[in-house]
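Let's walk through this one together, from the way the chain is divided down to a single helix and what packs against it. Have the sequence and the model open side by side.

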Amino acid sequence: MNSIDTFNLDIRALRTFIAVLDEGSVSRAAIRLGVSQSAVSHTLDRLREALGDALFVKSGRGIVPTRYAIQAGPHIRQILDDLHSLSSGPPFTPTSAEFTFTIAANDYQRDLLLPGLLSVLRRQAPGIRLQVIPSGIPTADMLRKDLCDLIVSPHAPEATDIMQRGLMADHMVVFYDPAHRQAPESLADYLKADHIGILFGTGEKTAFEDSLSARGLTRRTAVTVSNFSGLPGFLRGTDMLATAPKRMSEHLLKDFASTPLPFDYKPFTLLMLWHKRNQNDPAHRWIRNHVNGVAATMNDLNS
């Protein structure tokens with residue numbers, strides 16, 4: 001017998017072999033596979049050359065498998081089953097999984113959503129460790145280069161290989177300490193006040209800051225912090241203003257009053273972002289579903 005020519009073996013050829021073996025007929029195998037009889041015959045010729053055996057021979061008006069084909073059948077079925085399992089991703093059992101999952105999120109998204117996710121992990125998948133890193137204004141390369149597994153951000157990189165799913169809506173408001181000042185009554189009142197600004201540690205301004213510049217609006221920033229967590233300490237006991245997402249009134253800025261912005265600024269959506277190579281990974285999909293579940297619970301509470 002000749003050594004096997006693996007270049008003439010592929011999944012289609014193996015599926016054709018199994019179809020002919022099961023049907024005992026080239027014509028019925030062709031119908032099953034949705035191809036022509038000549039295509040099946042041509043594939044069988046390639047297999048005969050690759051495997052060094054006739055595989056199927058004429059018997060009366062039909063065909064019968066050779067002894068080699070009968071013995072090879074279970075092995076080829078196992079190969080196809082293994083390939084199918086491989087394409088479906090590795091098996092995932094939350095209770096026994098052991099790995100670290102990295103999410104990039106700034107402190108606003110982190111404090112809003114990820115404690116709820118960790119609570120789910122500790123109950124259902126205690127071996128999955130959660131690592132959180134800052135996202136700044138995220139880039140596609142953060143996901144392409146495996147710097148993180150998932151990003152939670154209102155900013156989606158413009159890239160066809162980055163998948164996204166909306167989690168929840170939010171909008172910007174003005175926070176202030178009611179013990180030390182009133183809400184700004186007008187745009188002029190807002191602009192002349194002292195403000196606390198945000199400049200991410202990665203060096204990017206927030207989209208809100210860029211929007212002000214685009215409108216030609218100028219405000220006095222008395223202090224700039226690198227994340228939203230820096231707002232309460234500077235806001236408390238002062239007459240300054242801080243512009244931040246409304247949902248921060250549920251946790252980090254819950255001790256402060258808020259008022260709408262004195263100009264139109266469109267709401268935004270918090271997004272979950274991941275690379276398309278992880279689209280069908282069962283563990284990744286399981287975690288994404290639970291992030292979405294945490295967000296859905298919070299949307300219900302605020303509806």
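One term before we start: "contact" here means heavy atoms within 4.5 Å. Keep in mind, too, that this is a predicted model.

Start with the overall layout. The protein chain splits into domain 1 (11-87), domain 2 (95-167 + 269-302) and domain 3 (172-266). Domains 2 and 3 have their C-alpha centres 27 Å apart, and where they meet, twelve residues of domain 2 are in contact with 13 residues of domain 3.

What lies between these two domains? The largest nonpolar core does, because domain 2 and domain 3 both give residues to it. That core has 54 residues, and Leu-113 and Leu-231 are the ones that touch the most other members. Take Leu-113: if you skip its neighbours within four places in sequence, it is in contact with Val-152, Leu-167, Met-168, Leu-270, Val-294, Ala-295 and Met-298. There is also a second, separate core, this one of 19 residues, with Ala-29, Ala-30, Val-40 and Leu-47 among them.

Now for the sheet. Five strands form an open sheet with mixed pairing, in the order β9-β8-β10-β7-β11. The edges belong to β9 (220-225) and β11 (257-260); each has a single partner strand, so one side of each is left without a neighbour in the sheet. On average, neighbouring strands are turned by 35° against each other, direction ignored. Zoom in on β7 (residues 172-176) and β10 (residues 241-245), which pair in the antiparallel sense over four bridges. Along that pair, Val-174 sits opposite Thr-243 in β10.

Both of those strands turn up again when we look at helix α8 (residues 207-215). Which residues of α8 are buried? They are Phe-208, Glu-209, Ser-211 and Leu-212. Look down the axis of α8 and these buried residues fall within an arc of 160°, so they line one face of the helix. The cover over them includes β7 and β10, along with α7 (187-192) and β8 (194-198). Turn to the face of α8 that points away from the buried side, and you'll find the exposed residues Ser-213 and Ala-214. Just after α8 comes Gly-216, with a positive phi near 75°.

So, to pull the helix and sheet together: β8, β10 and β7 belong to the open sheet, and these strands are also among the elements covering the buried residues of α8.

Key. Residues are numbered from 1 along each chain as its sequence is written. This is a predicted model: local features need pLDDT of at least 70, side-chain atom pairs count only at pLDDT 80 or more; totals for chains, interfaces and linings use all residues. Side-chain values use heavy atoms; hydrogens and water are left out. Two strands pair if DSSP finds at least two bridges between them. Helices (H or I, at least four residues) and strands (E, at least two) are DSSP runs, numbered from the N terminus. Axes are lines fitted to C-alpha atoms, for helices over the stretch in contact, and angles run from 0 to 180 degrees between N-to-C directions. Buried means under 20% relative accessible area, exposed over 50%, partly exposed in between (1.4 Å probe, protein chains only). The arc is that of the directions from the helix axis to the C-beta atoms. A nonpolar core is a set of buried Ala, Val, Leu, Ile, Met, Phe, Trp, Tyr and Cys residues joined through side-chain atoms within 4.5 Å. Domain bounds come from an automatic or database domain assignment.
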